[in-house]
Amino acid sequence: MIAVLGATGRIGGEVMRLLEARGAQARALRRPEVDLRDEPSVRRALDGATRLFLVTPHGPEQDLLEAAAVRAAADAGIGHVVKVSGGAASLGPNGASATATAHWRTEQLLEASGMGFSFLRPSMFQQGVLGLPRVGPVLVAPLGRAPIAMIDLRDVAAVAASVLLDPRPATGAWQLTGPRGVTLAEIAAAVGARYLPIPARLAARGLARRGASPFEIEHVVRMAAYFASGADGTPTDHVERLTGRAPRPVEALLTETS
């Protein structure tokens, strides 16, 4: 039995769909029945499961909630955990953002837990460019001019499903990217626009006007600086190695959603 935390989200929902399509026994762990703030409810939901997919929304309590999931999984005798984490260069005790630091802390817990683990470290999601604001023919974002090897989140789910279903799952950390690094200027051109990089402080003001929380604003500002630095611009072959097929290019998503 494979337990899926985050099954109502975009990645977790796609993982559930893929597992069910392949005839796997999968259990979606959803609120209110399963609440990471109620650790016993997580432990009960994991009864009979042997593998766990772990993804949580980023937020101020992310590391605490994921720690509860790790403890419950260890208590339940889970053999292998597949966790969606952050890009390798963003992680650490002083990570690129509070979310990146939370990912690092959870990875440390899993490494010490005695369970098998696979860390999926995706680049920026391609779906993130779909909501970037346009002012007439101009696409604006605080992402600089460096290439980003962004990945379709469906490819992250495909990797997760493949690892969860493998009798001998790939362990360790895997940097998941699209087929190449692309710039925001290239993306803008693909949709008939031109790209204007803006300072992060202007993006922060716009988010504040739209009611974003201070945590969310800080996350966006810090991750924008990380991507603008070029730290996530180099593609890997890890998606193909783990799924047997190449990752989707961002152009395919843009065509699909046009």
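Is Arg222 buried, partly exposed or exposed, and what is its relative accessibility? In this predicted model, Arg222 has a relative accessibility of 41% and therefore counts as partly exposed; the first view below places this residue beside its salt-bridge partner, Glu218.

**View A. A salt bridge joins Glu218 and Arg222 within helix H8.**
The side chains of Glu218 and Arg222 meet in a salt bridge, with an N to O distance of 2.5 Å. Both residues belong to helix H8 (residues 214–228), and because they are four residues apart there, about one helical turn separates them. Glu218, at 38% relative accessibility, counts as partly exposed, and Arg222, at 41%, is likewise assigned to the partly exposed class.

**View B. A salt bridge between Arg180 and Glu251 ties together parts that are 71 residues apart in sequence.**
The side chains of Arg180 and Glu251 form a salt bridge, for which the N to O distance is 2.6 Å. Arg180 lies in the loop between strand E8 (172–176) and helix H6 (184–190), whereas Glu251 lies in helix H10 (residues 250–256), so the pair links parts of the chain that are 71 residues apart in sequence. Arg180 has a relative accessibility of 34% and counts as partly exposed, while Glu251, with a relative accessible area of 31%, is also partly exposed.

**View C. Asp152, Arg154 and Glu256 take part in a network of salt bridges.**
Within this network, which links Asp152, Arg154 and Glu256, the side chains of Arg154 and Asp152 meet at an N to O distance of 2.7 Å. Asp152 counts as buried because its relative accessibility is 0%, and the cut-off for that class is under 20%. For context, a search of the whole structure finds 16 salt bridges, among them the Arg154 and Asp152 pair shown in this view.

**View D. Arg194 in strand E9 is exposed.**
Arg194 is located in strand E9, which covers residues 194–197. With a relative accessibility of 53%, Arg194 counts as exposed, given that this class requires a value over 50%. When neighbours within four places in sequence are left aside, Arg194 is in contact with Pro137, Val138, Leu139 and Ala188. Gly206, which is 12 residues from Arg194 in sequence, is 20 Å away in space, taken from C-alpha to C-alpha.

Terms used. Residues numbered from 1 in each chain as written. Predicted model: local features only at pLDDT ≥ 70, side-chain atom pairs only at ≥ 80, totals over all residues. Heavy atoms only, no water. Helix = DSSP H or I, 4+ residues; strand = E, 2+ residues; numbered from the N terminus. Buried < 20%, exposed > 50% of the residue type's maximum accessible area, 1.4 Å probe, protein only. Contact = heavy atoms within 4.5 Å. Salt bridge = Lys/Arg side-chain N within 4 Å of Asp/Glu carboxyl O.
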